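Dear colleague,

I am handing over the structure we spoke about, with the sequence alongside. Below it you will find what came out of going through the model, and I would be glad if you read the notes with the structure open.

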Amino acid sequence: MSAVLKQCATGAIALTVLLLAACSQSTTPSVSGTSEAATKSTGPPELATAKTAFWPMYRSARTWTTDLVTLRLAPKEVPGFKNEAGKAAMWEATFGSPGRHEYRVYSYAIATVPPDIRKGVAAGLRQPWGGLTRDAMPIELSSFNIDSDVAYKTAAGGAAVWMKKNPDKKLSSFELRNAYRFQTPVWYLMWGDKKSGYLAFVDANNGEALNKK
């Protein structure tokens, strides 16, 4: 082999080695990037708003019956988590079937907590139901526009003075339902109890605070 050919061959081999090294470096993720992604994926689950939890429950309930009506939506406590500012670790939705004369309670949890709570949607047993009444009217989903965190902020704003005078009174009731006196889906929030508490109503359609009628 001539000297010229030897130089060309040596140059080609060197170029190939450099190209392979460059490809290896560009396709290998950095250790810090991998660690950051792993940390983010294994972080604690975040509290959910009502709407985030409701729609998975609704879709699941639609497989039970097609004449589905929504009756109630409320947050629940989960050990190890603290509900706050209109967000919760678990929500429960009550659905009814006028044709079957039954209702079922579905739940949505952000984490599994043995022995009774599991992450995701769970369906309760079917129960006998007498049907709609003035105090248990269906929630029109097209009027369910205001999420729980927004409703809480509105209600807490109106209750701010009372809460400052009664710091020991905690939120004792928080639910979405539709009653005859309002003719619209309403968020009900209560701090304390009926005898010595503060009761707030927030229109779930437009977010306005309502006075008790």
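The protein chain holds five helices and nine strands, and read from the N terminus these elements follow one another as α-α-α-β-β-β-β-β-α-α-β-β-β-β. Of the 213 residues in the chain, 35% are buried. Where contacts link residues at least 6 apart in sequence, 56% of them join residues at least 24 apart.

Please keep in mind throughout that this is a predicted model. The average pLDDT of the protein chain is 84, and 79% of the residues score at least 70. Residues 1–39, however, have a pLDDT below 50, and beyond near neighbours in sequence this stretch makes two contacts in the model.

On the backbone, three places deserve a look. Pro114 and Pro115 are joined by a cis peptide bond, with omega at about 5°, and Pro115 belongs to the loop that runs between β3 (102–109) and β4 (120–123). His101, in the loop between β2 (90–97) and β3, has a phi near 60°, which is a positive value in a residue other than glycine. Gln183 likewise has a positive phi near 60° without being a glycine, and its place is in the loop between β6 (171–178) and β7 (185–191).

Next, helix α4, which spans residues 148–158 and in which Ser148, Ala151, Ala155 and Ala156 are buried. Seen down the axis of α4, these buried residues fall within an arc of 125°, so they line one face of the helix. Lys153 and Gly157, on the other side of α4, are exposed. What does the buried side of α4 pack against? Its buried residues pack against two helices, α3 (50–62) and α5 (160–165), and against the strands β2, β6, β7 and β8 (198–203).

Strand β3 also contains Tyr108, and one may ask whether this residue counts as buried or exposed. Its relative accessible area is 18%, and because the cut-off for a buried residue is under 20%, Tyr108 is buried. Leaving aside neighbours within four places in sequence, Tyr108 is in contact with Ala48, Ala53, Pro56, Met57, Ala89, Met90, Trp91, Gly120 and Val121. The C-alpha atoms of Tyr108 and Ala50 are separated by 9.8 Å, although the two residues are 58 apart along the chain.

Finally, the pockets. The largest pocket has a volume of about 510 Å³ and is lined by 24 residues, among which Glu77, Asn83, Lys170, Leu171 and Ser172 lie nearest its centre. Strands β1 (69–76) and β6 each supply at least two residues of that lining. By character, the lining residues of the largest pocket divide into 11 nonpolar, five polar and eight charged.

If you go through the model in the order above, the backbone places, the helix, the tyrosine and the pocket can each be checked in turn.

With best wishes

Note on methods: Residues numbered from 1 in each chain as written. Predicted model: local features only at pLDDT ≥ 70, side-chain atom pairs only at ≥ 80, totals over all residues. Heavy atoms only, no water. pLDDT = per-residue confidence, 0-100. Contact = heavy atoms within 4.5 Å. Helix = DSSP H or I, 4+ residues; strand = E, 2+ residues; numbered from the N terminus. Buried < 20%, exposed > 50% of the residue type's maximum accessible area, 1.4 Å probe, protein only. Arc of directions from axis to C-beta. 1 Å grid on protein atoms, 1.4 Å probe; cavity = no way out; pocket = protein on both sides within 12 Å on 5 of 7 lines; lining within 4 Å. Points joined across faces, edges and corners; volume = space filled by probe spheres on them. Nonpolar A, V, L, I, M, F, W, Y, C, P; charged D, E, K, R; others polar.
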